[in-house]
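Thanks for coming, everyone. I have one structure to walk you through today. Please take a look at the screen.

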Amino acid sequence: MKHYLSINNLDSLQKTIEEAIKLKKSPLQFKFLGEGKTICLLFFNNSLRTRLSTQKAAQNLGMNVIVMNFGSEGWALEFEDGTVMNQEKSEHVKEAAQVISQYCDIVAIRAFASLTDKEKDEAEIVLHNFKKYATIPVVNMESAIGHPLQALADAITIEEYKTKEKPKVVLSWAPHPKALPHAVANSFIEMMQLQDADFVITHPKDYELNPEITKNSKIEYNQDKAFENADFIYVKNWSSYKEYGKVVNTDASWMITEEKMKKTNNAKFMHCLPVRRNVIVEDAVLDSNNSIVIEEANNRTYSAQIILKKILENN
Ligand code: CP
């Protein structure tokens, strides 16, 4: 694997999950693999988990880590070709990506969707231009349309907690006051499509995700019905895809409550975090023994570590 931009870059999801679980038992077993190598983590947006877990993963492999909050500390980047750069953009991605490639051996990038320009977001302007001009591997730490490190951590978590070969996994939309991107939901769906599971997506009408991603995944508009016999409830808000980036519904009845969890098969509650308490999910659910959000966040380290290990071994 040269780059990790999507969960579909993995040769085998199941094999990678197994390798990550093994690595988790002994995280320092490859502590010399990255000796003398440097990873640069570029953040165009805020983060807690991604920043710390990717840094820890790289350090577990013996790598040096440089973190840059590019959005607030870097020069404003130009991504278009042939532009007359006489406005606020100071540096072209062509130079920036090549310069970073001199200092580092891997570059990992976080650059969220604008949610104002669907075409530009779907073109993954930041990620794809870094991939185009950098001469080193590129890792996606959440782009406009995907969050594959999160999806791999989710897959590891489901593997650890499942009690049957083919669990029922429900991805549920929940209300949120702000417009949020589709990246986490997209990558979770792509990951579930590679799994042997009874997978159901539930959301209000008008919150359909990109059909090129949902493909033939089952969609159930009745949340209560979707929850019946579920083994895992994975919750995430996203803004409208059709009315791109708009909040078209904040129906509080979609919040995850104890009552709703009673319809499930004693399901585990999952969320990528950060989560708004008593908006997305009731305290009683988030604080219950069935909530596995902290272990899910813990698995971000091993998701990142297995990906960095594969890249180091292959480049
Ligand atoms: N889940 C996740 O990516 O968390 P951060 O945004 O805090 O990195």
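I'll go through the sheets, then a helix pair, then the ligand site, and end with some backbone details.

One thing up front: this is a predicted model.

Let's start with the sheet of 4 strands. It is open, its order is 2-1-5-6, and the pairing is parallel. Which strands stand at the edges? Strand 2, residues 64-68, and strand 6, residues 138-140. Each has a single partner strand, so one side of each has no neighbour in the sheet. From one strand to the next, the twist averages 20°. Look at strand 1, residues 38-43. It pairs with strand 2 in the parallel sense, over 5 bridges. One residue pair to find there: isoleucine 39 has valine 65 of strand 2 as its bridge partner. As general background, strands of a sheet pair through backbone hydrogen bonds.

Next, the sheet of 5 strands. This one is also described as open, with parallel pairing, and the order is 9-8-7-10-11. The edges belong to strand 9, at 218-219, and strand 11, at 268-270. Each of these has just a single partner strand, so one of its sides is left without a neighbour in the sheet. How many bridges join strand 8 to strand 9? There are 2, and the two strands run parallel. Strand 8 covers residues 198-202. Its valine 200 has lysine 218, in strand 9, as bridge partner.

A helix packs on this sheet. That is helix 8, residues 183-192, and it touches strand 7, strand 8 and strand 10. The direction of helix 8 makes about 165° with that of strand 7. Pick out glutamate 190, which sits in helix 8. Leaving aside residues up to four places away in sequence, glutamate 190 touches Ser6, Ile7, Asn8 and Ile213. Compare that with alanine 144. Between glutamate 190 and alanine 144 there are 15 Å, C-alpha to C-alpha, and they are 46 residues apart in sequence.

Now the helix pair. Helix 7 is residues 148-161 and helix 13 is residues 293-314. Their axes come within 8 Å and cross at roughly 115°. The crossing is right-handed. Which residues make the contact? On helix 7, they include Leu149, Gln150, Ala153 and Tyr161. On helix 13, Asn299, Arg300, Tyr302 and Ile306 are among them. The contact residues divide into 9 nonpolar, 4 polar and 5 charged.

On to the ligand. Around it are Ser47, Leu48, Arg49, Thr50, Arg110, His147, Gln150, Cys272, Leu273 and Arg300. Remember Gln150 and Arg300: they are also in the helix contact I just showed. Three distances to note. A polar backbone atom of leucine 48 is 2.7 Å from an oxygen atom of the ligand. For histidine 147, a polar side-chain atom lies 2.8 Å from a ligand oxygen atom. And leucine 273 has a polar backbone atom 2.9 Å from a nitrogen atom of the ligand.

Stay with leucine 273 for the backbone. The peptide bond from leucine 273 to proline 274 is cis, with omega near 0°. Proline 274 is in the loop between strand 11 and helix 12. A second spot is glutamate 142, in the loop between strand 6 and helix 7. Is its phi positive or negative? Positive: phi of glutamate 142 is near 115°, and the residue is not a glycine. Why point these out? Because most residues other than glycine have a negative phi, and most peptide bonds are trans.

How values were computed
Residues numbered from 1 in each chain as written. Predicted model: local features only at pLDDT ≥ 70, side-chain atom pairs only at ≥ 80, totals over all residues. Heavy atoms only, no water. Pairing = 2+ DSSP bridges. Contact = heavy atoms within 4.5 Å. Axes fitted to C-alpha atoms, helices over the stretch in contact; angles between N-to-C directions. Left-handed = near helix turned anticlockwise from the far one by under 90°. Nonpolar A, V, L, I, M, F, W, Y, C, P; charged D, E, K, R; others polar. Near = heavy atom within 4 Å. Polar contact = N/O pair within 3.5 Å; in protein donor to acceptor, adjacent residues only side chain to side chain.
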